[in-house]
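Thank you all for making the time this morning. I would like to take you through one structure, beginning with the chain as a whole and ending at a single residue.

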Amino acid sequence: MHNPLIVALDVPTLEAALKLVEELAPVVGAFKVGKELFVSAGPEGVRRIQSSGASVFLDLKFHDIPNTVARAVEAASQLDVQMLTVHASGGGEMLRAAEQAAQECGRKLGRRPPLVLGVTVLTNLDNAGLSEIGVEPDVGRQVERLASLAVKCGLRGLVCSPLEIALLRQIIPSDTQLVTPGIRGPEAKKDDQKRTLSPKEAIDAGANWLVIGRPIWAAEHPRAAAGKILASLNEP
Ligand code: C5P
């Protein structure tokens, strides 16, 4: 069965990341490398993580002119990452260029293109935050609009908050992959996450992948914590 757990490697050094990777690679589906780790450890850090046999989700949230984003996607494809992110608010032309670059690079290298994921509205933005940047102050409508645009431009996946999964499942094709952070078990600390679902609730609502950070990497026994989350997915 597909292992839907993606562990966010939100740690400052490659050394700390590799220690987690070594412990967790056998029990998780992939690792997320974000801006902090990528800026400090670079592509070589990604390769070192992959050399353990693990897949990498490169979460750099590209947003630039189409040509620049396409070239960044091509570079990420050459790194053989499994997934990467772009801001859907970068517009249709940018999204199409990103997907096309991934597909072309996949064809050239004879492997599956990385899954280009569209990020809709960052969860820290509320209606007032949207209004501040001149966007209609309705987060739900903006998420729907950007998700539909991303799918129309060929993207095969989206990042969404757990509370948006059910809504998006009604308006996007069923084979669109949904990747969801903001996951907390019933007894877990919420940290700074406000709108959460449990791992099982998120999968039942239609998520394909769960991005989980602190509940795993900050646990006393990360591997046991990951195992417990996986086991919870099979409970009735
Ligand atoms: O530690 P925690 O499980 O909260 O980590 C979740 C990961 O998902 C972090 O890397 C965080 O930056 C990311 N994320 C998030 N909420 C979003 C988008 C990304 O928590 N809306």
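I will start with the overall fold and surface, and then turn to one position in a loop.

Please keep in mind throughout that what you see here is a predicted model. The chain is built from 10 helices and 8 strands, and its radius of gyration is 17 Å, close to the 18 Å that the globule rule gives for 236 residues, so the chain is as compact as a globular protein of that length. If we lay the C-alpha trace along its principal axes, the spans come to about 45 × 40 × 35 Å.

As for how the chain packs, 47% of the 236 residues count as buried, and among the contacts with a separation of 6 or more, 65% are made by residues 24 or more positions apart. The accessible surface amounts to about 11700 Å², with 51% of that belonging to carbon and sulfur atoms. On the charged side chains, there are 26 positive and 27 negative ones, and the centres of these two sets lie 3 Å apart.

Now to the single residue, Ala 88, which sits in the loop between β4 (83–87) and α4 (92–109). Is Ala 88 buried or exposed? Ala 88 has a relative accessible area of 0%, and since buried means under 20%, Ala 88 is buried. Which residues does Ala 88 contact, once we leave aside its neighbours within four places in sequence? They are Leu 95, Val 119, Leu 146, Leu 149 and Ala 150. Leu 24, by contrast, is 64 residues away from Ala 88 along the chain, and their C-alpha atoms are separated by 31 Å.

Notes. Residues numbered from 1 in each chain as written. Predicted model: local features only at pLDDT ≥ 70, side-chain atom pairs only at ≥ 80, totals over all residues. Heavy atoms only, no water. Helix = DSSP H or I, 4+ residues; strand = E, 2+ residues; numbered from the N terminus. Rg over C-alpha atoms; globule rule 2.2 N^0.38 Å. Buried < 20%, exposed > 50% of the residue type's maximum accessible area, 1.4 Å probe, protein only. Contact = heavy atoms within 4.5 Å. Areas by Shrake-Rupley, 256 points an atom, 1.4 Å probe, with all protein chains shown as cover. Lys, Arg positive; Asp, Glu negative; His and termini not counted. Charge placed at Lys NZ, Arg CZ, Asp CG, Glu CD.
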